[in-house]
Amino acid sequence: MFKLLVQETLPRPKRITAGHWAAIDDAYQRLGRAVEAEDFAHVVGAAKELAESVARVTTEANGEVLADNTTYKTLLTTAHNVVAHAIKQDLAPNDVLRAIPDGARRMATQLAEVRNVYGTGHGRADVHEVTEEVAEACVHASLVWVRWVLARHTAVLLGNVTQLVSDLERANFSSGELAERLDAANLPGLKDPEQRRLGIAVGRRTANETWTVRIDGVRACSTDPERWPDAYRTGVIEGLFINGDNQVDAYPIVSADCAAELLQHHNDPAGVLAELHQLLEAASWSFRFQGRYEEAVQSMHKALPKVPASVRPLWVDITNTLVAHAPTAVS
């Protein structure tokens, strides 16, 4: 009966690379051939290898490359944790919706020990009988966890920081798409440098006059402040004024207004503006900014009432710095 288990197509995640999917499909096909041939020792080994392949693809897709001598248990636990937040980020650790998939992970983890005793991949001095019951248990243990991981793998790829930053540089975003991908990235769970990196990319894209990114990645910080960490806000503010060539480059009717709003919910607005001031003093101006600097300065003045009162003098200092550093060609 368990032959039916390997005849169902595995759920293919969106955005998975062809190479990663080929590795998973190859492992799954080998498991299917072993089941069809009733080579139960091979079934045990192939079931473990399929889970291992899915785990490695999952960690690599998340930007983590584990050494080839990483233990099987560590590999599966790392991959499991990568997709675990896709259930729901605010669930308690002991919630049943976490307990059920964690049980699947524990079953899959046991495949290494079962393979050591019964499966292929080791030369042996004696032969252990591998019954159909053992083989069937291994197929179940592998596929329950594998299917769960693959079903959530799309969320991992949607929120992958490196891919998202790359897409923010050049890809088109439909309404709501960036919001979905930022949610998948689990911003609160990222380390500060990654939060800031994403923020910078969002700020730069906003300064390039992309309306949907402005709505989903900047304005959303004001409508639901608790969801957005300070490191992300800091990055957005930097990106609104400094482009990818590290030059001063702002979108006059957006950069100042958005930055002022972001400062309202930041825990250290003075630190943010002090750092921005240093960047603006040291950086050269993009050709585009030279042509619209006066409009940008006017936008800074206009946005001043939105800036928290305690740091308005710093905002004025930045505005004056822009005026003082205007190229001589600009009147």
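**A guided tour of selected helices and loops**

Asn-246 is exposed, with a relative accessible area of 51%. Please select this residue first in the viewer, bearing in mind that the model is predicted. Asn-246 belongs to the loop that joins helix 11 (230–241) and helix 12. Its phi is positive, at about 60 degrees, although Asn-246 is not a glycine. Most residues other than glycine have a negative phi.

A second residue with this feature may be selected next. Glu-38 has a phi near 55 degrees, again a positive value in a residue other than glycine. Glu-38 is located in the loop between helix 1 (18–36) and helix 2.

Return now to helix 12 and display it together with helix 14. Helix 12 comprises residues 255–264 and helix 14 residues 287–303; their axes come within 8 Å and cross at roughly 30 degrees. Angles under 35 degrees count as roughly parallel, and helix 12 and helix 14 are therefore roughly parallel to each other. The crossing of helix 12 past helix 14 is right-handed. To see the contact itself, select Ala-256, Asp-257 and Ala-260 on helix 12, then Ser-299, Met-300 and Ala-303 on helix 14. Sorted by class, the residues of this contact are 4 nonpolar, 1 polar and 1 charged.

From Met-300, the tour proceeds to Thr-319, as these two residues are in contact. Thr-319 is part of helix 15 (residues 312–324). Is Thr-319 buried or exposed? Its relative accessibility is 2%, so Thr-319 counts as buried. Apart from neighbours within four places in sequence, the contacts of Thr-319 are Val-297, Met-300 and His-301.

The next selection is helix 5, residues 111–118, in which the buried residues are Leu-111, Ala-112 and Arg-115. Around the axis they cover an arc of only 100 degrees, which means that they lie on the same side of helix 5. What covers these buried residues? Among the covering elements are helix 2 (40–61), helix 3 (72–84), helix 4 (96–109) and helix 6 (132–159). Displaying these helices together with helix 5 shows the surroundings of its buried residues.

The final stop is Asp-167, in helix 7 (residues 161–170). Asp-167 has a relative accessible area of 12% and is buried. Which residues are in contact with Asp-167, leaving aside its neighbours within four places in sequence? They are Arg-15, Phe-173, Arg-181 and Arg-205. Selecting these residues along with Asp-167 completes the tour.

Terms used
Residues are numbered from 1 along each chain as its sequence is written. This is a predicted model: local features need pLDDT of at least 70, side-chain atom pairs count only at pLDDT 80 or more; totals for chains, interfaces and linings use all residues. Side-chain values use heavy atoms; hydrogens and water are left out. Axes are lines fitted to C-alpha atoms, for helices over the stretch in contact, and angles run from 0 to 180 degrees between N-to-C directions. Helices (H or I, at least four residues) and strands (E, at least two) are DSSP runs, numbered from the N terminus. Angles under 35 degrees count as roughly parallel, over 145 as roughly antiparallel, 65 to 115 as roughly perpendicular and the rest as oblique. A crossing is left-handed if the near helix is turned anticlockwise from the far one by less than a right angle, and right-handed if clockwise. Contact means heavy atoms within 4.5 Å. Ala, Val, Leu, Ile, Met, Phe, Trp, Tyr, Cys and Pro count as nonpolar, Asp, Glu, Lys and Arg as charged, and the others, Gly among them, as polar. Buried means under 20% relative accessible area, exposed over 50%, partly exposed in between (1.4 Å probe, protein chains only). The arc is that of the directions from the helix axis to the C-beta atoms.
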